[in-house]
Amino acid sequence: MTIATNMAGRGTDILLGGNAEFRTREELRQRGLDPAAVLPEEWQAVYNEIKGQTDNERELVLTAGDLGGLHIIGTERHESRRIDNQLRGRAGRQGDPGSSRFYLSLEDDLLRIFGSDRLSSIMGKLGMNEGEPIEHRMITKAIEGAQRKVEAHNFEIRKHLLEYDDVMNKQREVIYELRRQVLAAEQLKETVMEMLEEVAEGVVAAQIGDDLHPEEWDLAALQEALKRHFSVDLQVQDFPRTGANLAALREHVLERLRQSYDQKEAQLGEPMMRHLEKLVMLQIIDTRWKDHLLAMDYLKEGIGLRGYAQKNPLNEYKREAFEIFSTMMGVVRSEITEYLFKIQAGKPEEMVQKVDPRRPRYVEHRGNMLGGDGDSRPATVRREGRKIGRNEPCPCGSGKKYKRCCGAA
């Protein structure tokens, strides 16, 4: 007799007559031997003995029709007919005899789905005793109908999840394609210039509306916004307003930014600038994409509540996901241009002074790396001035919080 649970999985074959290899290992253990350590000759001898017994028992089952082969007893019906069929398939393998039979209770989930209360009342009217089996084709058909309904419901759930995942897959394709282009490109200056044009137009549009007359332009605020973002003084307030239009102002700002970028490239050197462009772009894309994935998880968790407002959650998810993704891409372009403009070239001796004061400095002494000024013990570093809070503005003047700028190391 074999008693097992959850035997519906593939690969669970119960051989008629028994499994010779399994019984060989058990026989060796009963003899006090380790099956993994016995000699091949001894293993083969025991195996041949057991194999003869299992073959005889198998032949006895096949020739004696009253034994019936392997019989499967199911104590419940699964929500999916496929699982039930897999369980039935444990019997009758490769033409061997076998049979299956399922037993259900009126308290099972499937029976409750199609109305166990109604069946209970019918049984009471017919005078059937508790524990008496009910065998009727109507019951089987009703159970299969309930299974079809549950399978259809589960299919709709999986289909719905795929529709949600499809939104993320499209966004993932865009990001991965952008990342591949950055990695494969030999130079990214043209891409940076395209981003610079979009960011500059956005800064101008945020400070000066399309419906304003040139005399109403707040060029001082525009100059401050450009300086805050690009760390360059473009002298925009000197732009002649007479006969000017907004397109001319945008072109003037963009031309000055291009000149400033070329000056920085000449200062750092073209090879270094090309390397920094790729490095900065990859770093910002990866960082913002991780933040975007977290934001999308939060959106997906609560989007189902839109149904209470008589709105389609999937449509709302697609709409807001597009808005979040568009905002993220705008932030990527903005940060890439900001970082590239704010990069400064420093002399080697100046870079030494910019080492994080929270970490001990090391000098080479007789081939060894020692702390402090050559002392064998690490030098104690004392902070000069008050401690900068993580959420305070960074003292470097970037306009960011300390924890997001110099304090991020």
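User: Before we start, what counts as a polar contact here?

Analyst: A polar contact is a pair of N or O atoms within 3.5 Å, and within protein one must be able to donate a hydrogen and the other to accept it. Keep in mind that this is a predicted model.

User: OK, so which residue's side chain makes a polar contact with the side chain of Thr337?

Analyst: That's His229: the two side chains are joined by a polar contact of 3.4 Å.

User: And which backbone oxygen lies 3.1 Å from a polar atom of the Thr337 side chain?

Analyst: The one of Arg333.

User: Where does Thr337 sit, anyway?

Analyst: In helix α11, which covers residues 313-342.

User: Buried or exposed?

Analyst: Thr337 has a relative accessible area of 1%, and buried means under 20%, so Thr337 counts as buried.

User: What is Thr337 in contact with, leaving aside neighbours within four places in sequence?

Analyst: Val192, Met195, Leu196, Val199, His229 and Phe230. His229 in that list is also the partner in the 3.4 Å side-chain contact.

User: Switching to the strands. How do the side chains along β1 point?

Analyst: They alternate along residues 70-74. Leu70, Ile72 and Gly74 point to one face and are buried, while His71 and Ile73 point to the other face and are not buried.

User: Which strand is β1 joined to, and how many bridges are there?

Analyst: β1 is joined to β2, residues 98-102, by five bridges, and the two run parallel. Within that pairing, Gly74 is opposite Phe102 of β2.

User: What sort of unit do β1, α3 and β2 make?

Analyst: A right-handed β-α-β unit, with helix α3 spanning residues 81-88.

User: Different spot: what about Asn48? Which helix is it in?

Analyst: Asn48 is in helix α2, residues 40-63. Its relative accessibility is 45%, and partly exposed runs between the 20% and 50% cut-offs, so Asn48 counts as partly exposed.

User: How far is Asn48 from Thr24?

Analyst: They're 24 residues apart in sequence, and 9.0 Å apart in space, C-alpha to C-alpha.

User: Last bit, the whole chain. How many helices and strands?

Analyst: The chain has 12 helices and four strands.

User: What share of the residues is buried, and how much area does the chain expose?

Analyst: 29% of the 409 residues count as buried. The chain exposes about 27800 Å², with carbon and sulfur atoms supplying 50% of that.

User: And what share of the contacts between residues at least 6 apart joins residues at least 24 apart?

Analyst: For those contacts in the chain, 63%.

Technical notes:
Residues numbered from 1 in each chain as written. Predicted model: local features only at pLDDT ≥ 70, side-chain atom pairs only at ≥ 80, totals over all residues. Heavy atoms only, no water. Buried < 20%, exposed > 50% of the residue type's maximum accessible area, 1.4 Å probe, protein only. Pairing = 2+ DSSP bridges. Right-handed = clockwise from strand over helix to strand, strands pointing away. Contact = heavy atoms within 4.5 Å. Areas by Shrake-Rupley, 256 points an atom, 1.4 Å probe, with all protein chains shown as cover.
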